[in-house]
Amino acid sequence: MIRFDSVSKAYPGTTRPALNSVSLEVLKGEFVFLVGASGSGKSSFLRLILREETPTKGEVHVLGQHLNSLSSRKVPYFRRNLGVVFQDFRLLPNKTVFDNVAFTLQVIGKSRGFIQEAVPDALKMVGLAGKSNRFPHELSGGEQQRVAIARAVVNKPAILLADEPTGNLDPATSAGIMTLLERINLGGTTVLMATHDVGIVDQMKRRVIELISGQIVRDESRGGYQTSAVPVQSFGTYSGEVAR
Amino acid sequence: MRLGLILGEAGNGLRRNVSMVISVILVTFISLTFVGAAILLQMQIGQMKDYWYDRSQVAVYMCTAVDNTGNCTLAEATPDEIAQVQAELESDTLAPYIDRWEYETHEQAYENFQSQLSDSPIASFMTPDILNESFRINLVDPTDADILIESLSGLAGVQEVADQRGYLDQIFSILNAASYTAIGVAALMLVAAVLLIATTIRLSAFSRRRELGIMRLVGASNRFIQTPFILEGVFAALIGSALAGGAIVAIVQLFVRGYLANSLGPTIGLVGLDEALTVVPILIAVGAALAATSAGIAISRYLKV
């Protein structure tokens, strides 16, 4: 589904690469958390999958496509197989909920009939069936994120990328969003989610990939936000020592 | 569905940017009017050349008793000398270039002079014998006049060989200068129009950058993303060029046909509605092509994937 072969990404003007020789494989139907501090390379990782960037070194394969050599003309068609959700929702403020979701289908040339069927389905799936004529500013943050998720999955993508989708939401709302993502995952969609939310990662017990300074330091199935090998207390002691 | 959506997007852009769109319309209008005027002036020059060159002649002036310029020595050209020039005109070397010629005697010259300048006080001083006798030659191709001038100027009894096109060329060079000025102004205005269109499109793209970001994210093709913007530029420019076309037709109809034709008389071959109507599609094509190109270049930076 997604394969990285010793991928490095360095941005011009910096000596330290954003990703340093990262190799991994994500299989179909997996639910993967991507954790790590800000600047650890999570976003670069997602951008490489989306082909918003090309790697400086190494090979990226997504959905059977070799992204290094994918021509820019074909990139739009490749992206139709991916869904993306962001922390800041990125809805269009002047369009209704229905139109926001329909917009993605319109711009890739789906027929009116298809849109009339697919959009209500997607909205029902995220639990917003009755709010299709509302505008984004009339909705709560959690509801806006559900619209964004409906928009991401309405075209039945094989992979859903989520960049801190709960970053702006309170824990209860976040839990609802996670239930939704889990349900989408059960439907066969591979979900890749970058997050800082300790509670969610610990609770879900899914595969966890941790990045530090652009390198994978941990890749555990059924892992927590922090590795069990290094107890939380030891960090506390460590910082205590530094303070002393 | 897609077409409707694309047109809708273009319409939204136009509505959102009304003031910029109006300025694009005005600038293309003015610049293309200048382009059209320049083309019309060139057509006018061509038409006048056709008309006047056909009627223009090369005159071989023979000496009179009062001339001492050219080959003259204050003596009237002898019949032998006149016959010599006539023989040259009928020779194998010159005959192919000559359409027809006639000889103007002192008396005919005097009559022509009197009829053309009857109001002038000079007319009363003139006598037939100080007006040159001359050969009036119509050439097959008026641009071959130099051949005659070269071969006839040296003959005895010839005062001067004059190409009447020389007088016309001054008029044409004035008209030419006017049309180059118009082209120069038009070029400057067109540069302004192109930059203005590019700025307008960039502004429009900037105000829609959220949509553009989402479009790129969900995999809208580049063509789909850029078409509304190009249509927006082309639409504004088309209105401008249509206005310019209207202005050109109006200028020809009201000024050239209405005013100039009346005051200059029917002899001068003025451009008419036919010429104006050939200019209009040129203007519209130029306007649309420029707008499409500059809008396409302006939007391309938003399409990098």
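In what order do the elements of chain B run from the N terminus on? Select chain B and follow along: α-α-β-α-β-α-α-β-α-β-α-α-α-α. That gives 10 helices and four strands, where helices (H or I, at least four residues) and strands (E, at least two) are DSSP runs numbered from the N terminus.

A quick word before you click on. This is a predicted model, in which local features need pLDDT of at least 70 and side-chain atom pairs count only at pLDDT 80 or more, while totals for chains, interfaces and linings use all residues. Residues are numbered from 1 along each chain as its sequence is written, and chains are lettered from A, with ligands numbered from 1, in the order in which they are written.

**Stop 1: all of chain B.** Turn the chain around: its C-alpha trace spans about 95 × 40 × 30 Å along the principal axes. Of its 305 residues, 33% count as buried, that is, with 20 or more other C-beta atoms, placed from the backbone, within 10 Å of their own (exposed is 12 or fewer, partly exposed in between).

**Stop 2: where B touches A.** Now show both chains. Here 15 residues from chain B meet 17 residues from chain A; a contact means that C-beta atoms, placed from the backbone, lie within 7 Å. On the chain B side, select α1 (2-16), α8 (209-218) and α9 (222-264), each of which supplies at least two residues. The largest share, six residues, comes from α8(B).

**Stop 3: the largest nonpolar core.** Such a core is a set of buried Ala, Val, Leu, Ile, Met, Phe, Trp, Tyr and Cys residues joined through C-beta atoms within 7 Å. This one has 70 residues, and those with the most contacts inside it are L34(A), V101(A), A150(A) and L161(A). Next, pick helix α3 (residues 97-107) of chain A, which gives the most to this core, with seven residues. Zoom in on V101(A): leaving aside neighbours within four places in sequence, its contacts include V119(A), A122(A), L123(A) and V147(A).

**Stop 4: a second core.** Swing back to chain B and select A37(B), A244(B), I299(B) and Y302(B), which are among the 46 residues of a second, separate core.

**Stop 5: a stretch to treat with care.** Colour chain A by pLDDT, the predictor's confidence in each residue, from 0 to 100. Chain A averages 89, and 93% of the residues score at least 70. Over residues 231-244 of chain A, though, the pLDDT is below 50, and beyond near neighbours in sequence this stretch has one contact in the model. Where pLDDT is low, the predicted coordinates should not be read in detail.

Definitions and conventions
Two residues are in contact if their C-beta atoms, placed from the backbone, lie within 7 Å.
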